[in-house]
Amino acid sequence: MPGPFGIARLLGPAYSLRCVVFHDISAMESPFTRGMRVTVPPDDFEAALKFLTQYYTPVRLQDVLDASERRGLPPRPVLVTFDDGYASMMEYAAPLCRKYGMPGILFLNAAFLDNEGLAPDNLVCYVANVLGMEAINAAARAIGNTDIPKLESLAEVFSRFFPSISLAERRAFLEALAHLGGINGCQLAGEAGLYLTRKQVGELAASDFEIGNHTYNHVHCRSLAPADFGQEIGRNKAELEALSGKKVRSFSLPYGSSADLTNDLVRNLQLCGHEAVFLSESVANPRRSDRVCFDRVSIHANKDDAFFFEIEVLPRLRAIRNLLWRPSARSDGAALRSTQPDEGISGAVSHPKP
Ligand SMILES: [Zn+2]
C-alpha cells in the first residue's frame, strides 16, 4: 500500500487533512434510510477503521485547531466524523471506534434527540419507500409553488427541491407530507428510535467524541435569513453544550454543499464561537486548509483498494476538476482556504456563494 500512496501524490501532492464522514452504521437499511446511501454495515465500517488506523494518523479537532505553519499535523492525518446522530452510534460505531482507538466528532441536530420528532430526510425517505414518489410530489404541489418540476428520486428532493424553497415552504411541505401519509411524526419517531438520546450524547461527549453543530432542524443554510440563525445555529449550539458540558467548536453543513456557505452564515458561525466548518463534497483538502473550512469524504467502500480510491484518488481528481472547470469555486475556495490561522472564519470568505 505505501507504493500507491506515492503514486497518488502525483495527482496532487498537497493533500493534507483527510476528513471522512459516516452517518448510520447498521446491519440493514430501514424504510427511514433506504435509498439515502447513509447506511454502512458494521463489518464495512470496521474494515474502514482498520484501513484508517493502519495507513493514517488519527487526529482530534484540537490537533487540527492547534496546527500551524510551524507545527503542522502529523503525517497523513485523518479526522473521522459522524453526522445526524443515528442511534446506531451507540450500538456499533462508538464501540468499534474505541476498539481501534479512533476519536471522532458527532455533528448533531438537537431537535431530533430523544426521538421527539423525525428528521425531514427520514420522513421523506419513509414516505417515498412506503407510499411512493407520487406522495412526495403531491405534498410538493400542496405548498402552492407551481414552478416545481416533478420529483423523480430522493436525491432530487434533497439536492434540488429543498434548496429551492423557503423555510416556511419546507415546513408546509413536511406538514403536507405527514398529513397525506397519515403520519404522526412524534409517535413514528418514538417507535423507530432512529436517533441518540440526550443521555447518550452526554456519555459519548464524556468519552473520545467531540460534539459539533449541524443546525437545529437539519436545514439547507442557504435558506436561512439572518433572523433564523439564532434558532438554527445558536439554539442548537447552546442545547448541545448543555448536554455535553463542553464548548461546541465546529459546524458541519447539512447536505455538505459549499453553496450553503454564505457570507452571512460564516459571520454568524464565527460570532457564535465556531472555529472549524466542514463540508461533504469529497474534495481533497490542500495543506493550507489546516483550519477554518474542511471538506470530507463520504465512505462507502469495504476493501483496502476501494478505500484508497475513495480517500486518496477521487478527492484529488475532484480538486483538479474544480480547478479546471469551476474557476469561481477555485477563487472562493482559495480565499476560504488560504486564511491564516489567526484570521478566524469571517476573513475567509470574500464573496457570497451562489
Ligand atoms: Zn446531516
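**Talking through a predicted model**

Modeller: One surface feature to start with: L11, L317, I320, L323, L324 and W325 make up a nonpolar patch, and together they have about 600 Å² of accessible area. Keep in mind that this is a predicted model.

Biologist: Where does L11 of that patch sit, and is it buried, partly exposed or exposed?

Modeller: L11 falls in the loop between α1 (2-9) and β1 (18-22). Buried would need under 20% relative accessible area and exposed over 50%. L11 comes out at 32%, so the label is partly exposed.

Biologist: OK, on to the metal. Which residues coordinate the zinc ion?

Modeller: The donor atoms are an OD of D84 and the NE2 atoms of two histidines, at 2.0 to 2.1 Å. Along the chain the donors are spaced as D-x129-H-x3-H. Put names to that and you get D84, H214 and H218.

Biologist: How many residues apart in sequence are the parts that D84 and H218 tie together?

Modeller: Both residues coordinate the zinc ion. D84 is in the loop between β5 and α4, while H218 is in the loop between β7 (209-213) and α11 (229-244), so the pair links parts of the chain whose separation in sequence is 134 residues.

Biologist: And is H218 buried or exposed?

Modeller: The cut-off for buried is under 20% relative accessible area. H218 has 5%, so H218 is buried.

Biologist: Back to D84: what is its phi?

Modeller: D84 lies in the loop between β5 (77-83) and α4 (88-100). With 17% relative accessibility, it counts as buried. Its backbone is worth a look too, since D84 is not a glycine and yet has a positive phi, near 85 degrees.

Biologist: D114 has a positive phi as well. What is its relative accessible area?

Modeller: D114 is in the loop between β6 (104-108) and α5 (120-131). Its phi is about 65 degrees, again in a residue that is not a glycine. As for accessibility, D114 is partly exposed, and the value is 33%.

Biologist: Last one: which residue's backbone nitrogen does the N285 side chain reach?

Modeller: N285 belongs to the loop between β9 (276-278) and β10 (292-294). It is buried, with just 1% relative accessible area. From there its side chain comes to 2.7 Å from a backbone nitrogen, and the residue is D295.

Terms used:
Residues are numbered from 1 along each chain as its sequence is written. This is a predicted model: local features need pLDDT of at least 70, side-chain atom pairs count only at pLDDT 80 or more; totals for chains, interfaces and linings use all residues. Side-chain values use heavy atoms; hydrogens and water are left out. Helices (H or I, at least four residues) and strands (E, at least two) are DSSP runs, numbered from the N terminus. Buried means under 20% relative accessible area, exposed over 50%, partly exposed in between (1.4 Å probe, protein chains only). Patches are made of residues with over 30% relative accessible area and no salt bridge: like charges are joined within 9 Å, nonpolar side chains (Val, Leu, Ile, Met, Phe, Trp, Tyr) within 5 Å. Accessible areas come from the Shrake-Rupley method with a 1.4 Å probe; for residues, only the protein chains shown count as cover. A salt bridge is a side-chain nitrogen of Lys or Arg within 4 Å of a carboxyl oxygen of Asp or Glu. A polar contact is a pair of N or O atoms within 3.5 Å; within protein, one must be able to donate a hydrogen and the other to accept it, and residues adjacent in sequence count only if both atoms are side-chain atoms. Donors are N, O and S atoms within 2.8 Å of the metal (3.2 Å for Na, K and Ca); water is not among the atoms, so sites may look incomplete.
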